[in-house]
Amino acid sequence: MDWEVVIGLEVHSQLNTASKIFSGASTAFGAEPNVQASAVDIALPGVLPVLNRGAVERAIRFGLAIGAHVADKSVFARKNYFYPDLPKGYQISQMDLPVVQGGAITIRVGEGEQAYEKTVRLTRAHLEEDAGKSLHEDFHGMTGIDLNRAGTPLLEIVSEPDMRSSAEAVAYARALHALVRWIDICDGNMQEGSFRCDANVSVRRQGEPLGTRREIKNLNSFRFLQQAIDYEVQWQIGTLEDSGRIEQATVLFDPDTGETRMMRSKEDAHDYRYFPDPDLLPLIIAPEWKARVQAGMPELPGAMKARFMDEWGLSAYDATTLTASKEVADFYQAAVSAAGAALAKPCANWVMGDLAARLNKAELDISASPVSAAQLAGLVARIGDNTISNAIGKKVFEALWNGEARNADEVIDKQGLKQVTDSGAIEGMIDEVLAANQKSVDEFRAGKDKAFNALVGQVMKASKGKASPAQVNALLKKKLGA
C-alpha cells in the first residue's frame, strides 16, 4: 500500500469511413497486401492530400459525446520518424491544436457492493493517419510490409493519468470501446486492429511526484491490457525496491510469457520534429457544422440509463447493464415496446438472465440471437397475464431458441403448457399430495417451514409445472390452516 499506481491510456480508434483520411483508397479489411495503397498514401512526388469530411464529422461526434471542446480551428502536422511500415517517413497527425480538447467519461469499476463510479478526464482526441503493417509470421529471417492500412483514419484518444489500477484502466477502455461503437464512429474490432490501446504506467510513493512512465504499446484485448499493466506495475515496484532506476521507454507485452519487454527508449515530442503540414490548410469547423452533427446524435448511454430508471423504474444496476452496449439497449427497448412499459422489469430480467446466459454459452452477440425481441416480449407477456408460470416460461424460451415455433403462443398451444388456474382442479391435486405426504404435513405443523416448500413442490410436480404457483401457495395454506 506504500505505492500508488498511475495510469493513462492512449487509444487508437479506427474511424469507419469507406475511404482513407487523405485519399480515396479503400479502408476495407482483409484485402491482398499492398493493393489499397494509393499514390497519396505513400506520398509519391506530385500528390496532395485531401481531408476526408466523414472522418472530421466522426471526430466532432466523439467530442460532443464526451462533453469536450470541439475546436473551431485545428491544424495538421507532420510527425517525423523512420519505421519500415511508414512509407512517407512521416505521419500526418495533430499536435498543438487538436480537433477535440478535454471532455470526460464516467466509468463503473467492480461489481456488487464493492462497485464504484469514477470520472476519467480526457486530455484530447486528434485525427491522424495510420501506418502500414509489418508482417513476420510468413517470412523466415525477413519482414513483409503491407501498406494497405497506411492512411486509414484514426482518432487517437488520450486520457489524463487518472486511473489507479488495471481494473480502472480496463473499465475505462471498455467504456470508451462501447461509446465509439454506440455513436457509430468505429466498429471496435480489436482482432482486426480497429481499437488498440497504449498504456502509460508509472508508480510512486504515496504523496510523491509522478514517477517515470513506461508505455506498453498495441494492446488489442482487454485481458491483455489488464495482464500487461499488472506485470508492469509489479516489475516497476520490484525494480525501485531493489534500488533500481526506471527509464522512460516503450515496451511490448508478450501474451505467451505474460511479461513486458523493452522495445526502445521513449521518444518525447521534440524527437519527432513536428511542424505544420504545408500541404493541408487549417481545419475550420463552423458552429453550423457542429449543430448539424449534434442534431444527428443518438441518445447517449448516460441519458438512456437515466430514462430507464425514471420511466421504467429500473435499478441503477439494471439500467447500467442494459446500456453497456447499443445492441443490448436496442434489443431491450424493442422488447419493452412490444410487451408494454408495465413489463419493463420482467423484460430486463429475461434479457440480463436467461437470454444473456444462453448467448454467452453459444458465444453469440445479441444481434445474432435466435430469439428476437418480439418473441421474448411475447413470452414475457404470457407470464405476465398468468397464461404460463415463470418456470414454464423457461421451457417456452428453449423452444423458441431452438426454432421450434414462431412465437410463445404457438409453443404453449403445441405443448399444452397453459397454466392451470381452476381452483377445483388445484385443490384436488393438493388433497392427493397431502394424503400421500403425511410426514411433511406433520413437520409443517411442528413448525418446520421447509416442509411447506416440499409440499408445494409435490403439487407442482403433480401438475407437471402447470399449476399457478400463487394459487398453489394460497390454497395449500388454507388447507393446512396456516
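**Exercise 1. Place I412.** In which helix is I412 found? Then decide whether I412 is buried or exposed, and list what I412 touches.

*Solution.*
Step 1. This is a predicted model. I412 is found in helix 11, which spans residues 408-415.
Step 2. The relative accessibility of I412 is 5%. Buried means under 20%, so I412 counts as buried.
Step 3. Not counting residues up to four places away in sequence, I412 touches R382, T387, I388, V396, L417 and K418.
Step 4. Take one pair as a check on distance. I412 and K395 are 17 residues apart in sequence, and their C-alpha atoms are 9.5 Å apart in space.

**Exercise 2. Dissect the largest nonpolar core.** State how many residues the largest nonpolar core has and which of them touch the most other members. Then trace which helix gives the largest share.

*Solution.*
Step 1. The largest nonpolar core holds 108 residues. The members touching the most others are L9, F62, L127, I157, Y172, Y332 and V396.
Step 2. Helix 2, residues 166-182, supplies the largest share of this core, with nine residues.
Step 3. Domain 1 (3-288) and domain 2 (299-415) each give this core at least three residues.
Step 4. Look around L127. Beyond its neighbours within four places in sequence, L127 is in contact with residues including L15, I21, V56, F76, L154 and L283. Two polar names also appear among the contacts of L127: S93 and Q94.
Step 5. Another core lies apart from the largest one. This other core has 18 residues, among them V433, L434, F444 and A451.
Step 6. Set this against a general trend. In soluble globular proteins, nonpolar side chains tend to be buried together.

**Exercise 3. Compare two sites, L176 and N80.** For each residue, find its element, its accessibility and its contacts.

*Solution.*
Step 1. L176 is in helix 2. N80 is in strand 4, residues 77-80.
Step 2. L176 has a relative accessible area of 0% and is buried. N80 has 12% and is buried too.
Step 3. Leave aside neighbours within four places in sequence. L176 is then in contact with V11, F62, I105, I157 and F195. N80 is in contact with G89, Y90, D271, Y272, R273 and F275.
Step 4. Add a C-alpha distance for each. L176 and C347 are 171 residues apart in sequence and 27 Å apart in space. N80 and P298 are 218 residues apart in sequence and 38 Å apart in space.

**Exercise 4. Classify helix pairs.** Work out how helix 7 and helix 8 cross, then how helix 1 and helix 4 cross, and give the angle for helix 13 and helix 14.

*Solution.*
Step 1. Start with the descriptors. Two packed helices are described by the angle between their axes and the distance between the axes.
Step 2. Helix 7 (residues 326-339) and helix 8 (residues 344-362) have axes that come within 9 Å and cross at roughly 135 degrees. That angle makes helix 7 oblique to helix 8. Their crossing is right-handed.
Step 3. On the helix 7 side, V328, F331, Y332, A335, V336 and A339 form the contact. They meet A344, C347, A348, V351 and L355 of helix 8.
Step 4. The axes of helix 1 and helix 4 (residues 287-295) come within 10 Å, crossing at roughly 70 degrees. Helix 1 is therefore roughly perpendicular to helix 4. Helix 1 contributes R53, V56, E57, I60, R61 and L64, and helix 4 contributes W289, K290, R292, V293 and Q294.
Step 5. Helix 13 (residues 438-445) packs on helix 14 (residues 449-462) at about 145 degrees, with axes 7 Å apart. This crossing is left-handed. S440, V441, E443 and F444 of helix 13 meet A451, F452 and L455 of helix 14.

**Exercise 5. Check backbone outliers and domains.** What is the phi of N34, and of N218? Into which domains is the protein divided?

*Solution.*
Step 1. N34 has phi near 65 degrees, positive although the residue is not glycine. N218 has phi near 55 degrees, again positive in a non-glycine residue.
Step 2. N34 lies in the loop between strand 1 (3-14) and helix 1 (53-65). N218 sits in strand 13, residues 214-219.
Step 3. N34 is partly exposed at 38% relative accessible area. N218 is partly exposed at 46%.
Step 4. The domains are domain 1 (3-288), domain 2 (299-415) and domain 3 (423-480). Over C-alpha atoms, the centres of domain 2 and domain 3 are 32 Å apart.

Conventions. Residues numbered from 1 in each chain as written. Predicted model: local features only at pLDDT ≥ 70, side-chain atom pairs only at ≥ 80, totals over all residues. Heavy atoms only, no water. Core = buried A, V, L, I, M, F, W, Y, C linked by side-chain atoms within 4.5 Å. Buried < 20%, exposed > 50% of the residue type's maximum accessible area, 1.4 Å probe, protein only. Helix = DSSP H or I, 4+ residues; strand = E, 2+ residues; numbered from the N terminus. Domains from an automatic or database assignment. Contact = heavy atoms within 4.5 Å. Axes fitted to C-alpha atoms, helices over the stretch in contact; angles between N-to-C directions. Parallel < 35°, antiparallel > 145°, perpendicular 65-115°, else oblique. Left-handed = near helix turned anticlockwise from the far one by under 90°.
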